[in-house]
Structure formats: C-alpha cells, structure tokens
Amino acid sequence: MRRPRVEPHLLRALPVLRVGVSHGERLRLGPSAPVQIPEPINLPPEPLPTVVPTTAAPPTSVGPQTPTISPPGAGSPRVAALVPPPKGLDAAPPSIAAAKAAPSTRINPGSPPPPPMQVYDFGQRVQNVVDAHSGNVDIVKVNGQTVARPRHWDYIEYDDYGRPTLFNPLEEAMAFRYFYDGAYREAFVPSGGRIVIDGAAPGLYPFTAVGESHLAAGSFYGGASVPKGTGEGKPPPDYKLPAPPAVYPDVLISVPANNQTVQVGQVEVIGRDEHQVPGSQDTFLLDDSTLAWGQINDPAGSTQIRVTKTQPLPGYGPTDRGDYLVALASRQDLAAQTAPPAKPWWPSVLGYGSLAVALILIFWFMGRRSRSAEDNAGL
C-alpha cells in the first residue's frame, strides 16, 4: 500500500516539540527516536521564612482533647508532703515596662531564626549556668546527684490574636527551647527584646530558657489566629481567643518508685505520649516548670495522678522516676522542721508594757521635780 503523500508546506507548518534539549535541537518523532523523559532533580529544600505564610492554619478556640483530672477521692490522705513552687526571676520594674513596650519580632514557631552568634550550643550554656552556681539557680540533690531547678519565667503575655509574646527584662539574652511541630526548636530573645510567636497549632508547649547566668522554665499555649502580611489591625470579628489549658490546683500525686505521696500546687495536662509504655503515656506540666509522665488515676483512688518519670528542665536534660519531686518535698519538710519555733506573743507584750510604764514614771518624776523647783524659787 502506498503511503499518503504529505505536502512539504504542511510539514513546515507542524510545531517543533522541545523536551529538555539545547537550543537549536529538535526532537524527532517516530520509532527511531522515542521521547526521553528526564529524571527528576532533587534540589535542596529552600529555608523556611521567618514569618508564617499568609495561608496559615485556620484559627480555633478549642484546644486538643486531653483527659481531665478528677478531684481527690474519699480515701485521699489529708496531709501530704508539699512540693514548693519554683521561685521567679527578679527584674527591675522599669526594665519590665521597657521590655513589654519594645518592638516585637514576629517568628514562626516551627522555624525560628537562628541566634545572632556563630558558636551556639544550648546544652553547653545550660551546663555553664549550672557549674557557676550563681544565686539565680537553685540546686537540688537527687539520689546523690546535683540537679538544677529552674526559676519560673513570668514574662509572657498574649495579644489580640491569641499569640504568645515573650519579653525579656533581664540584662542578658535568653534562648527558649520547646517542642513544636514534631521537633525541638530554639527561639532567641535579646536583652530588653520581645518576640511574638505565630502559634496557630493548639496545645500547651513547655519550654526551658537559658542565658549567661539564668535558667528558667515555663510554657505557652497555641491556637492563635495568624494574621496575614505584617499583622496590622484586628483579628477577624468571628475569631475567639483560645481557651487556656485547664489548671488543676493542689493535686495529690503518687510516686510508685519511692512509695511516696506528694502534693503539687498546680498541674496542667499536656496530652498523650504514645511512645511511652502503658501507664506512663499521660503527660503533665507541674507548677508550670516540671515535665512529668504517668497516668491519671481513677476518681475513687487515693491520689489523683501517678508519676513515673520527671524532667526538671522541660525538653532538655536527664529524667528520673519521680525522685525529683520527692527530693523537693523532702527539702521543704526539712526546712519546716529546722525553722526556729515561733516565739510566744506575750513576752513581747509584757516587755513593751513594762517599757511604757517605766517611761511614764520617769516623765512623772521629772515633772514633779520641776514643779518643786518652781515652788522653792517662789519662796
């Protein structure tokens, strides 16, 4: 069979197909020249911007579903060793006011900008602060080991979008380590500076903060409305601020490893950690400073939660079986036992009363002598 004849002017009118070829080359069609699809090129990912994109997750006012802690049962002990709350960080009121009013740096919590220094190691800075044994760090002996107890970071607020803002009134820069979006992150806040965190993901996020001579712990919670662009103006009218995590006061905790019961001033439930063994999958934040794993007990139990593991520095450092809590409570009890007994009130009252009577008699006697001298002068 004779092939149909194609006019030359029609061939010249056909478009030329180019697939990954250099300038001037043409891809021939037909069995003698099959189309070659180039292999994909794996380029390195571009670094994430330091500002959350405008297509952030939609805002929400409902946090992740977390289990609740029941009130103490009928058989709960009336007296338990108390775990004292951590101390705060001292800063001058003018410095606090200045840091609050400082221009804020907006950061993406999943990709915070690196600190402005070439050599930086979070763990080394923590170790330096602990080794210095300055007055800003409390040291606790746990099973013969020296453990640092961080101070509490009080310098945190929330803006109209529900975003946490961390401000630093101290005379040194601070680095904050927290777990967000599947990995540990570190945010840097200079002395007198302030950052605003575009934290759209709901949840409670504990952190450890370290500087040149300070070590602190605390937390922030997410669920914010992330504004577009520069974030000027107000959030959408239908936006509701996220509800803060539930805080349970005066919680009774059993520590099976030490066969002890202690009481903590406040407990927040972070959620579930499926990587832990059963019985240790509930995660807690004790006194907004200590990370703990364990289990919420049955409402009829004698204690409200059970703790099988604690971490004094959330997100960094060693863990133990709850010995840290027992050591803190024992130190508190020891301080109460060694404190001098209160003096009775009546010796002070008698002492002041006797002094008053003596003064009255002295003034009376002096006045009488003065009158006698006047009478003699009149004679």
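**Note on a five-strand sheet, Tyr221 and two cavities**

1. In strand S12, Ala216 is the bridge partner of Arg151. This pairing is read from a predicted model, as is everything that follows. S5 and S12 run parallel to each other where they pair, and two bridges join them.

2. The pairing of S5 with S12 belongs to an open sheet of five strands, whose order is S5-S12-S11-S8-S9. The sense of pairing across this sheet is mixed. Strand S5 (151–152) and strand S9 (183–189) are the edge strands, each pairing on one side only.

3. Which helix lies across this sheet's strands S8, S9, S11 and S12? Helix H3, formed by residues 122–132, does so. The strands concerned include strand S8 (174–180) and strand S11 (203–210), and the helix runs at about 60 degrees to S11.

4. Strand S12 spans residues 215–222 and contains Tyr221. Is Tyr221 buried or exposed? Its relative accessible area is 16%; because the cut-off for a buried residue is under 20%, Tyr221 counts as buried.

5. The surroundings of Tyr221 may be described through its contacts. With neighbours within four places in sequence left aside, Tyr221 is in contact with Gly203, Leu204 and Tyr205, among others. Strand S11 covers residues 203–210. The contact list of Tyr221 also includes the prolines Pro164, Pro242, Pro244 and Pro245, as well as Tyr158. In addition, the C-alpha atoms of Tyr221 and Gly162 are separated by 9.0 Å, although these residues stand 59 residues apart along the chain.

6. How many cavities of 30 Å³ or more does the structure hold? There are two. The largest encloses about 40 Å³ of space, and the second largest has a volume of about 30 Å³.

7. The lining of the largest cavity includes Ser70, Pro71, Pro72, Gly73 and Ser76. Asn297, Asp298, Pro299, Gly301, Ser302, Thr303 and Gln304 also line this cavity. By residue class, the lining of the largest cavity divides into three nonpolar, eight polar and one charged.

8. Around the second largest cavity, the lining residues are Val83, Arg149, Val264, Leu286, Asp287, Thr290, Leu325 and Leu328. Here the division is five nonpolar, one polar and two charged. Arg149 and Asp287 count as charged, and Thr290 as polar, because Asp and Arg are in the charged class and Thr falls among the others.

Conventions. Residues numbered from 1 in each chain as written. Predicted model: local features only at pLDDT ≥ 70, side-chain atom pairs only at ≥ 80, totals over all residues. Heavy atoms only, no water. Helix = DSSP H or I, 4+ residues; strand = E, 2+ residues; numbered from the N terminus. Buried < 20%, exposed > 50% of the residue type's maximum accessible area, 1.4 Å probe, protein only. Contact = heavy atoms within 4.5 Å. 1 Å grid on protein atoms, 1.4 Å probe; cavity = no way out; pocket = protein on both sides within 12 Å on 5 of 7 lines; lining within 4 Å. Points joined across faces, edges and corners; volume = space filled by probe spheres on them. Pairing = 2+ DSSP bridges. Axes fitted to C-alpha atoms, helices over the stretch in contact; angles between N-to-C directions.
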